[in-house]
Structures are given as C-alpha cells and as structure tokens.
Amino acid sequence: SKDGDVGAFKRRRATELKHGRVSMLACMGYIVPEYFKFPGYLAPKADLAFADVPNGLAAISKVPEAGWCQWFAFVGALETNIFASDASRDPGDYANAGRLGLPFADGIDDPEKRKRSLNAELANGRLAMMAITGMFFQDGLTGSAWGDWALYTDSPLRAFENELGVQAPVGFWDPVGLSKDGNVETFKRRRATEIKHGRISMLATMGYITPEVTGKFPGYLSPSTELKFADIPNGLAAISKVPAAGWAQIIAYAFFVEFSSNNFGWVDAGGNFDFSGKLVNSANKQGDSRAPGDVGWKPPLLATDDAELKKKRLNAEIANGRLAMMAIIGMFFQDGLTGSAWGDWALYTDSPLRAFENELGIQAPFGFFDPLGMSKDGDVGAFKRRRATELKHGRVSMLACMGYIVPEYFKFPGYLAPKADLAFADVPNGLAAISKVPEAGWCQWFAFVGALETNIFAADASRDPGDYANAGRLGLPFADGIDDPEKRKRGLNAELANGRLAMMA
C-alpha cells in the first residue's frame, strides 16, 4: 500500500473479506458433516446420496459435471451482480447483501456498528484462511479430513521416528531436511558418525578434565625422547609435544578401529580372526542388522543382550555425546583464546575489546555491547570519536524531546521573528514547526552549531568522550563541570543512558 492508491487498497480489502467468508464457510463445511448430513439425494440422476459424499478433499471427486457448472454459474452471478464493487461503500459492504455478505439479507444501518462488525468479520476470516489451509494439508497428507499423523504412512520421516537419538523434548529433529529423502542407509551412516564423534568428544572432554583433577601418570611417555607424562601440558598445547612416532600410532589405531567397525578384522563367536576376507560376508550380514553405534564390541558391565536396555543406553550415549561435542568445542575456543585449558577471560590479553571494557557507556546489564563488531579492530581513537558522537546525539535528542513536550504546556509570549511578523504562538508543535523557520533562522542555527563544534566541543584526546574543557554538565558551554573524576564518569554514564533513551523516544 505504499503507493497510497485508495482504489487498489479497497479492492484488495474486499478480496480479503471474500476469501475470509469463503474460508469460514469451508471450515464449517469440514466440521458440520462430521455430525450431520442431509438425508436423501444430492444428485438423483447420478444416484448420489448426501451420505455417499466423503468429508474433506475427497468430496471433490464426487461432484458431477453438472454440479461444477452450477457452482461456476452461482459464483459468477454473485460476483457480477450481488457483490459488484461500489466505491462509495466500505470494502465488503454491498447494497444487495447484508451481514456476512448474505444476498438480500438485512444489513447494519449504524455506520459505527457496521465498521465494527466488518472488522470482526475480517479477523475471523483471517483465522479461517489459516485454519482451512491447515485442514487441506492435514487432509492431503493423511487422507482424512481429521487425519491423524499415524495415517501419514508415506512420510519419508516415518522410517526414522523410532530410531536411536529421537528423544524428548524435540523428538525427530532435522531442521536442514537431511533425511527428507527417506534413505535409511544414509540415515544410519550419519547416526553412526554422530555416535563416533560423540564418543571421541566424551574422551576428549575427560582428557581435558582428568589431568587437572587426578594428576598425571608417573614415568615416561616416550623413553627414547626422554618425554615424561609430567612434561605434557594440558589442552591444545599437548599437541606440540607428540613425537612423530606417536602420531603414526594414533593414526594407525584410528584406522584399525574404523576398519574393524566396518567388518574388517572381525572376530567371530569362536575367536577366529579374519584378515583374508573369509568371514567378511557373514560379518556384513550381522552388521546390517545392528543399530548405529553397535560395532560388535561388548565391554564388560556396559554390554547387554536386552534389546530395550541396549537402546536406552545407546540413547543416553548419544545425548551425552552431543553434550560433549558442544563442551569440547567450548574448551578448544577457551584454550585457544586464553592459552590455558581452563583459561580465564583475564588471560585473554590480546582481545581487541580489552581497550574498551572500562570505558564510558559500559553498563549493566549488557556490559560491552557491540553486536556489529565495530570496535573489533581495537582502534581507541575511533572508539572515543564514536562515543563522543553518541553523547552529542543523546544531548540533542534530550533537548528535542523537551522541545516536543514543553510547547504543549507553555510558549514564549511575543515574536520569534518580528520582521516576518512571526509570533511564538504561531509556531506549531512537532515537525510542522520546520516550515515556519525563516531563512535567517536556518543561517543562525548553522552558525551556532558550527561555533560549538569547532570551538566549545573540540575533541581532546586527553579527556573522556563528551567531557570538554569549555563545557560543563550536559555539555553546556562555560558551565561548571565536575572535578571529581569518579563523579564525572558516573554523571557521563547516566547522561549516556538517558541520551540513548531519548534517541529512541
């Protein structure tokens, strides 16, 4: 509606009302047949009884050709005659139609009541449009007007809704739609990968915590390089201490575990090893029937043959693994930024934001708030310039707010511009006042602001933003300032907060 075309607006509003009315009827058409259907025949020639017409979208298939012709003729007659647009009337209010657009029904003569009734109808129509769309989807997916999810047997997600990892409170959660193709093998592969990552993350998280709490093993980790366990730092710094042979062992072990989980090097129930492929086929068949994450290893006290208990434990493992993946990422960031496995923010001395954490305007509850990252380069000069600009804008806004409020209760007597015969009482409040300012007034404004900016409010790098040598409280020229540095900072912080509020106001 930004073009301001009243005719187009009314046409769209009338269309919205019509759609709303049709949708309200359609919603009723879904609900009523569940409780009542007319007796007798809908189309005697076609031997079609009302009772034979199913509810919902399925009813469309039962409408005979003559029925469709009747519908189009009826709708056309309404549109071209009863509901013909009339620019002199409100949208949805027709000369030959009454309440709810019923043809030749009584209308509402009182304009105020009619407007209120049309507004209520609009609101109900909008709700009905949403409702009928939901009913169509529900009907189309489940094959029933009041379809239950259990009837949506073609859902590609149905293969996964009872799988491992589908847990309360989110249930089956796939916001990116990775599983919408319904590929079970791909789903199981991703779930097995998730479990592996979770297991590694749980071990990694324990690897961060344990050395801090229980200490380290005695003796040597690598006797040939004289590397003791005690010499290994905790966290990311430990990576630099791993010798080349250690990396080779880690990679070889990881390959062995991966190949074993894919049925290479399988050990059967009789303890027979298979490195030549003799047991691979049978192992693959066993692997296909296993749940993701079940790689055939049965650790004491953890493994069980109880299917329900196994599923419960694997679900718990997935949940803990997900938490561990988040935890280890947080530990990596913390370690990388602070240089310590349990790093404190105080150790992050390279942060570009450190220069500003005690500056003016850093107030509760947000603290240092810079969502756009404008200060991430750590430029103190640019920060102070922006803060001084914010203070100035806040001061102008506080004066502007007062300029809106005061004239509602008081205006100066006499003339603002005697030569232009312009009295203070003639100046309207708000934006309309701009049109009353004579040219000389604009010149005075620019001269006054320029004098303030270039002289009184000249920047001084040795002082806080907004604190000027020739200006006092609230930036008033040549007024008394606050000598106590702590009180001055508190005053400027309060002024910043009030200025921010005033800019919004």
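Here are a few friendly notes on the salt bridges in this structure, which is a predicted model.

1. Let's start with the overall count. The model contains 11 salt bridges, and the points below walk through some of them.

2. A good one to find on screen is the pair Glu-79 and Lys-18, whose side chains form a salt bridge with an N to O distance of 3.0 Å. Glu-79 sits in helix α2 (residues 65-82) and Lys-18 in helix α1 (residues 6-31), so this contact ties together parts of the chain that are 61 residues apart in sequence. Is Glu-79 buried or partly exposed? Glu-79 has a relative accessibility of 37%, so it counts as partly exposed.

3. Next, look at Arg-191 and Glu-194, which make a salt bridge with their closest N and O atoms 2.8 Å apart. Both belong to helix α4 (residues 184-213), and because they are three residues apart there, about one helical turn separates them. Arg-191 is buried, as its relative accessible area is 11% and the cut-off for buried is under 20%.

4. Which other residue does Glu-194 pair with in a salt bridge? The partner is Arg-322, and here the closest N and O atoms lie 2.6 Å apart. Glu-194 is in helix α4 while Arg-322 is in helix α7 (residues 307-338), so the pair links parts 128 residues apart in sequence. Arg-322 is partly exposed, with 29% relative accessibility.

5. Finally, try tracing a network: salt bridges link Arg-13, Glu-16 and Arg-126.

Conventions
Residues numbered from 1 in each chain as written. Predicted model: local features only at pLDDT ≥ 70, side-chain atom pairs only at ≥ 80, totals over all residues. Heavy atoms only, no water. Salt bridge = Lys/Arg side-chain N within 4 Å of Asp/Glu carboxyl O. Helix = DSSP H or I, 4+ residues; strand = E, 2+ residues; numbered from the N terminus. Buried < 20%, exposed > 50% of the residue type's maximum accessible area, 1.4 Å probe, protein only.
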